[in-house]
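The following note collects points on local geometry for a colleague's consideration. Please read it alongside the structure shown here.

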Amino acid sequence: MRRSEAYLAEAQKLSRTGSWAGTADLLKSTYWSAEMFRIMGLPRRDNPPTTEEMSKHIAPEAWAGILELFETARRKKTTCDGEFPMVLPDGSNRVIRIVGHPVLDAAGDIVEFVGTTIDITEQRQARAALEKALAEIKKSEDRLRVIVDTIPALAWSTLPDEFLNQRWLDYTGLSAQEAQGWGWTVAIHPEDSTKLVETWRAILASGTPGELEARMRRFDGEYRWFLFRAVPLRDDLGNIVKWYGTNTDIEDRKQAEEIRTAQARQAGVRADVSAALSKPVDSGEILRGCAEAIVRHLDAAFARIWTLNKEKNMLELQASAGMYTHLDGPHSRTQVGELKIGLIAEEKKPHLTNDVVNDPRVSDKAWAQNQGMVSFAGYPLIVQDRVVGVMAMFARQRLSAATLDTLASVADSIAQGIERKRTEEALRKAQGELAHVTRVMTMGELTASIAHEVNQPLTAVIANANASLRWLAAATPNLDEARDAVSRILRDGNRAGEVIARIRALIQKTDTEKVRLDINQTVQEVVILIQNEAGRKGVALRMDLAADVPPVLGDRVQLQQVILNLAMNGVEAMASVADRPRELLIRSRQHESDKVLVAVQDRGIGIDSQNLEKIFDTFFTTKSQGMGMGLAISRSIVENHGGQLWARPNDGPGVTFEFALPIEIAGAT
């Protein structure tokens, strides 16, 4: 990374290009490169100058133009580009070109602006000299030749005769004879030659000025980017008598553009990967979002992410984006140490190449050649020296050092995200196990009440069975009475079965399953289980359930556990009360416009105000025999349902526990 930064700083110095970053509203600069301070004639310091400081070095009308340029870029979320005059602190006049680019997040909002500032004073001076020279063309052809040969640009003219200035000939190393006709095209990069010739022919046909960018070969064989411009000269009748043109070296500008593009891509992929890792979805969808971000911002042909199954020592494909999106096939499961992906995991080192076809680790070279693959980058996903997976991508172009640095940073973020997701899943599993244990313990406390609930219908079954036998044993069997007795046996048997089914549901260890629920029915099911226990302890149970309560989306067993825990806490809180009626009230109603509220109110001894929030902490309890787990688990369950659980003291004796859940929306999952 330090080497890349050094290269970047040297490139900026050579090209007289400074880079900067600013806030989304462009009211404050957050970063200036060293070259920015030099261009602006200011001593280098840690923080960029303020907007007020900058306005002192730029004429009011030019400053207004800069502000208008930035405002347009911010409003339209597009790249801005403008040239402005300024006066340096030493009094010298300069011309700068400002290019700014908005960095957007996944939602399309501006995160920040990045850009470059280029000192184009010499370019403007050269342009001015050229324009002055062209103005003299009409006066004297001889004078034109002298001027064109001395201006700091590659100049030429054509039709009816051809002329190339000495700078053009010296730069390309061609003689005037070699460059005649279409001979000059040998100095154009092969990839750009066809397009340049076609564009030049179109300009000739249209008779209008035109321009094009292409790479031009210097006498030593090095190619540099040039801007080709052509302008027609017309006579008094409007007929074209000659074409004049210049080739301007824009290599420095191109490098600055590449730097800006690389910065924007780096910021974009990091922002999208960060957004994907923060989504509350399953790990497969998170990793797919990361792979898609790599394809989208780094021009990958396709990108894939594997996670390590430690028990099997196997890399399992979790996400694939780009030209391949399937998760099956020969590379879906790769043993550590096998193929290039398995070797990356085993060696704990990246594998990088910009020559895929000749890479010994690429097994299917025919496929790579047919698909035009040029580069491959694979990174082990490591957390504290432990491999948790592998990230890899193929591309049809070479990968720059800046892109590889970005990929290394992204790989580290994805590794941390995988580890965090695994930790969260382990925590949820542990919470589920703990919740199950708590339910079993609570049901143990209700043994007497449950026995009563089951014994009642069983006693009725026995009584009705004896009655049925008597009716059938009579001299004249009373079949109607016997039939009624059997019907009552069926009713009471079903009642006992329902009680047992509710108990099994609460005790059974199952995965979370959120369905559309009537919260009132859920409350009533809990009340049936605890009413005898409450009565045994002298507590009167009352319900005040609003009839118009909308349904919620929730796990029935988990929400029953919350209500059961709150209700049993209320019953126990009144165990020592002797000076007032012991009453437990459970209420339901719609809360605000989008929630359902359930309240459990007791008339017990209450809770000290300083403990009202502590009671939800794990292992905090006010009971002599309590474990301090029930309320912590209850709050966790409610929050996992998108709701809130809290406690407040009553106006009179006791305390009220309330929880609010979001209303179920049709189509939500």
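1. A residue is called buried under 20% relative accessible area, exposed over 50%, and partly exposed in between. At 40% relative accessibility, tryptophan 182 therefore counts as partly exposed, whereas tryptophan 184, at 17%, counts as buried. It should be kept in mind throughout that the model is predicted.

2. Aromatic pairs. The structure holds 11 aromatic pairs. In one of them, the ring centres of tryptophan 32 and phenylalanine 37 are 5.1 Å apart and the planes stand at 65°, so the pair is edge-to-face. Both tryptophan 32 and phenylalanine 37 are buried. Tryptophan 182 and tryptophan 184 also form an aromatic pair, with 5.9 Å from centre to centre and 35° between the planes; this pair is tilted.

3. Aromatic cluster. Ring pairs join Phe302, Tyr324, Trp367, Phe376 and Phe394 into a cluster. Phenylalanine 376 also has a lysine over its face: lysine 340 lies there at 5.6 Å from the ring centre.

4. A further lysine over a ring. Lysine 254 lies over the face of tryptophan 225, at 4.4 Å from the ring centre.

5. The hairpin of β11 and β12. Strands β11 (300-309) and β12 (314-322) are joined by a loop that contains asparagine 313. The two strands pair in the antiparallel sense over 8 bridges, and they form a hairpin with 4 residues between them. Within this pairing, alanine 303 has alanine 321 of β12 as its bridge partner.

6. The turn residue. What is the sign of phi at asparagine 313? Phi of asparagine 313 is near 50°, a positive value in a residue other than glycine. Asparagine 313 has a relative accessible area of 36%, so this residue is partly exposed.

7. The other partner of β12. Strand β12 also pairs with β13 (residues 333-335), in the antiparallel sense and over 3 bridges. Methionine 314 stands opposite glutamine 335 in β13. How many of the 9 residues of β12 are buried? The count is 7, and β12 is mostly covered.

8. A second positive phi. Lysine 348 lies in the loop between α12 (339-347) and β14 (351-353). Its phi is near 60°, again a positive value in a residue other than glycine. With a relative accessible area of 34%, lysine 348 is partly exposed.

Note on methods:
Residues numbered from 1 in each chain as written. Predicted model: local features only at pLDDT ≥ 70, side-chain atom pairs only at ≥ 80, totals over all residues. Heavy atoms only, no water. Buried < 20%, exposed > 50% of the residue type's maximum accessible area, 1.4 Å probe, protein only. Phe/Tyr/Trp six-rings, centres within 6.5 Å; stacked < 30°, edge-to-face > 60°. Lys NZ or Arg CZ within 6 Å of the ring centre and 35° of its normal. Pairing = 2+ DSSP bridges.
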